[in-house]
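Student: I would like to go through this structure by question and answer. Please show it before we start.

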Amino acid sequence: MSKVQCFYFSPTSNTKKIVEAVASGICEEKIENDLTFVDKNLDQYVVDSNEIAVIGVPVYGGRVPEVILDSLKRIKGNGAYAVAVVTYGNRAYEDSLLELKNILVEQNFKVVAAGAFIGEHSYTKKVATNRPDELDLKKAIDFGKDVVAKIKTNTNNITEPSIPGNYPYKERSKRIFSPHGNRKCVYCRRCPVVCPVGAIDMRKPDIVDEDKCIHCCACIKVCSFNGRELLDEWVIEKIKMLETNCIDRKEPEIFI
Ligand SMILES: Cc1cc2nc3c(=O)[nH]c(=O)nc-3n(C[C@H](O)[C@H](O)[C@H](O)COP(=O)(O)O)c2cc1C
């Protein structure tokens, strides 16, 4: 493999960290393709058949986020090897990894391995706090090394990993619960800059376009003033559930 190409959609950076760690276990020469700012990106991507791709997304409602599907369909695999990666917030990844693997096969990749890693939950800092941590990143690097070993020892007969998940995939959630600015907002305007879909007004950041918002919570995580919050009753209940039932540490799962 001459190079590794990294692709990630990662509004709060967990997936980016894992994809980069896996890639660094594979090969020194990395090309970064950040797919996060979906509203500004219509690029076509090509992976050469002698390269390998590491492609990662966060889990949204047990699925690959709908908002990234078009971007993933603009990556041409050309029969190259790919590693599928999801990060999830210590609840469950359900059908997401299987779905991502199937998308990559459709894009003409040979999926050689897949992994589900844990990242701090987008909705609350109290679940999977500060993950991925050093241990997670070490596991991700080792995973990259194992991928290289698999390819070297099975050059002519690479088997696809068996990945858990169901058909039909879990139904997508249709909930609308956009984060809103509150009285602590100091108009620093960091939140519109990190919004992947341009849903926050640059002049009045407390105004959110709820039709565009994908609820990724990048705006909440970037705010140093607690100036943004989730107020919807459904999501407040969901956060209570996560903080009660999803506290026990889960570990990354590797399929190779
Ligand atoms: C809309 C939405 C839905 C989510 N659904 C799930 C889920 O089904 N299971 C889970 O464990 N975590 C879920 N999470 C948490 C994220 O998957 C997790 O925090 C992930 O690491 C975020 O990745 P990023 O930092 O690359 O954006 C969800 C987060 C968001 C914003």
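Student: Which residue with positive phi follows α3?

Tutor: This is a predicted model, in which local features need pLDDT of at least 70, side-chain atom pairs count only at pLDDT 80 or more, and totals for chains, interfaces and linings use all residues. Residues are numbered from 1 along each chain as its sequence is written. Helices (H or I, at least four residues) and strands (E, at least two) are DSSP runs, numbered from the N terminus. Phi is positive, near 70°, at the residue that follows α3, N108.

Student: Is helix α3 largely enclosed or not, and how many of its residues are buried?

Tutor: A residue is buried if 20 or more other C-beta atoms, placed from the backbone, lie within 10 Å of its own. Among those in α3 that qualify are L97, L98 and I103. Helix α3 spans residues 96–106 and is largely enclosed by the rest of the structure, because the buried residues number eight of the eleven.

Student: Which elements do the buried residues of α3 pack against?

Tutor: Contact requires C-beta atoms, placed from the backbone, within 7 Å. By that criterion, the partners are β4 (52–58), α2 (69–72), β6 (81–88) and β7 (110–118).

Student: Which residues come nearest the ligand?

Tutor: A residue is near a molecule if its C-beta atom, placed from the backbone, lies within 6 Å of it. α1 (14–26) and β6 each supply at least two residues of the shell. Of the 24 residues around the ligand, the nearest are N14, T15, P58, G89 and G119.

Definitions and conventions
Buried ≥ 20, exposed ≤ 12 C-beta atoms within 10 Å, placed from the backbone. Contact = placed C-beta atoms within 7 Å.
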